[in-house]
Amino acid sequence: MGASSLIVLMIAAVAFSGIAILVSKLIVKATKNKHKGQPYECGVPTKGPNWVQFNVGYYLFALIFLIFDVELVFLYPWAVVVKKVGWLALVEIVIFFFILFMGFLYAHKKGALKWV
Amino acid sequence: MNITHVLFWFLSVLALFSALMVITSRNPVHSVLWLIVTFFAISGHYILLNAQFLAIVNIIVYAGAIMVLFLFVIMLMNLNKSTEPKKNRWLQWAGAIAGLCLLLVLVAALKDTEIKGQAAQVNEGEIGLIKNLGKELFSTYVVPFEISSILFLSAMVGAVVIGKASPNPSEGRA
Amino acid sequence: MLLTIFWLVIEKLLLIGLIVSLSMVVAMYATYAERKVAAFLQDRIGPNRAGIFGLLQPLADGGKLFFKEEIIPLASSKFLFILGPCLAMITALLTSAVIPWSTPLHLFGQDVPLQVADINIGILFIFGVVSLGVYGIMIGGWASNNKFSLLAAVRGASQMVSYELPMGLALLGLLLLVGDLRMSVIVQNQIEHGWHIIYQPLGFIVFFICALAECNRTPFDLAEAENELNFGYHQEYSSMKLGFYLFAEYINMFISGVVMSCLFFGGYDIPFVNEASWGISQNALAIIGFLVMLTKAFFFVFVFMWIRWTIPRFRYDQLMNLGWKKLVPLALFNMIVTAAVILWLKK
């Protein structure tokens, strides 16, 4: 029953957002104008392409996040059964993190976690 | 034809349709969004098999982390309809043939497996539950678990090496 | 048989309708509260024109957003431009699904649990929905085809994924204590053994800071830093779509207040009293529990606003340093110490 109520909630959320956007579109009278559709910066027309290239640093953080996220997922099953698997599993986790800590240290030394 | 069957067919059709849309969409951002829909459909299948933990992990890791990276790459490389490069026709043919070969291998491998003819354990399998998974992972599969940390280490080092290749960090700053 | 299923469906539909409208009303009045709190902290009066004490102000604001002309930038990808705010809204509404709002009601001879879905991965569901919250900002900001929106979107996305990590690690400390992912079990555990804030103060602090960052609130509102980025990722938006982004932020704030009170402050539990021994009816207890829960959540919302009007914004490097070099090690330390203590006490 749990999963099906979730589906209903999902449908409700989608329907709600769709209907609200649609209604506001229907009742509002909009006029088209070439200058209205320009990107807004500060009043002066924008120069150059708008999809500019940004710093690779943002991407790097996301990449390191991904690796840690996968590890995190491994830890959830452990957290639930910690009393059953005992000290041995804790030692395993510490070793696991020690190896990863090396990677973290490497990233830190190389300045990957430093914002330029 | 109970509700599980209806859901199964709905999810299967959704997964296949969205997977097709991933490769046929012109706009790479649309492709990413369709891929997220595919992951949701697959998560739905996991829930049907009573593996809720796998379902949510699929969403957290794939939809929540890897797809964000994909979006980052698309934004970083400024891929959109107008900048799509002309692809070599021969490359397209090669890709199609390689895909067909893979399909052939998969079909040939699955044809003789024991899975064939066995019904999936819908709503009754226990292994996908988080407690069983935890017990298995930290008793039977300890060594693979520890080795996976080395895999992560290499992934992290690789990411740092590639990301920090530029000697001058102030270059390409936005 | 069919009748019970029918009742179950009706019950869940009503509950979902109630929760969605509750989130919307709270979000509307949170905008009013924010302005009143800001005014209070800055020694002003705040909105007082529409209705008594300005209480009708949110309705006026909502109506205005609804009737405003919508402008879609010509060079944007139109579908993604509309999808962005919808995604933000959907992810904001979905989080409320697994929250146990109160003890069950007793209606028409049966117990009605005040929880949409008591799935056995409850807390991970919240984590999953939070991890999807990035898309609203990213897609909306990118589709706007505006340099500032793009930069804000990238900033916001990078920040949100970075703070997801300590958040997940802080949750682990809690799970070690409870040993179950179900939200109802987590609340029940606190009623029996005392609130988790006593056992996990460090975890709570990390979680609270991450909640601020995930909601894009000051001091982590770098995606909306108006004095560097004009307006932020929703710069090109107008009308209802802008309203969606603003509402989603307030809904997120409310829901994170609710989640924090569920995880660390006992949910619908009243401290130091055993309300079951009062001898009042089950329905009255459920309503009292619900009000207690709301009070706790509103307190957190107030703290969020208080912080916003007190603390200046971080710089981006400070933000990343705090996330990666302080919160992640702190949360890890918390997790390992918690596990060691649990194993030691078990012996």
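## Helix 2 of chain A

Let's start in the middle of things: helix 2 of chain A is mostly covered, with 21 of its 25 residues buried. Here a residue is buried if 20 or more other C-beta atoms lie within 10 Å of its own, exposed if 12 or fewer, and partly exposed in between, with C-beta atoms placed from the backbone. The helix covers residues 56-80 and reaches 37 Å from its first C-alpha to its last, close to the 36 Å expected at 1.5 Å a residue. That expected span is 1.5 Å times one less than the number of residues.

A quick word on what you're looking at. This is a predicted model, where local features need pLDDT of at least 70 and side-chain atom pairs count only at pLDDT 80 or more, while totals for chains, interfaces and linings use all residues. Residues are numbered from 1 along each chain as its sequence is written, and chains are lettered from A and ligands numbered from 1 in the order in which they are written.

## Chain A as a whole

Chain A has 3 helices and 0 strands, running α-α-α from the N terminus. Helices (H or I, at least four residues) and strands (E, at least two) are DSSP runs, numbered from the N terminus.

Its radius of gyration is 25 Å, where a compact globule of 116 residues would come in near 13 Å. That figure is taken over C-alpha atoms, and the globule rule is 2.2 Å times the number of residues to the power 0.38. Along the principal axes, the C-alpha atoms of chain A fill a box of roughly 70 × 50 × 15 Å. Of the 116 residues of chain A, 35% count as buried.

## Where chain A meets its partners

Chain B first: 38 of its residues are in contact with 42 residues of chain A (in contact means C-beta atoms, placed from the backbone, within 7 Å). Helix 6 of chain B gives the most to that side, with 13 residues.

On to chain C, which brings 64 residues into contact with 50 residues of chain A. Again a helix 6 stands out: in chain C, helix 6 gives the most to this side, with 14 residues.

## Two residues in a loop of chain C

Asp43(C) lies in the loop between helix 1 and helix 2 of chain C. Its phi is positive, about 60°, although it is not a glycine. Asp43(C) is exposed, with 6 other C-beta atoms within 10 Å.

Phe53(C) lies in the loop between helix 1 and helix 2 of chain C, and its phi is positive too, near 55°.

Note on methods: Contact = placed C-beta atoms within 7 Å.
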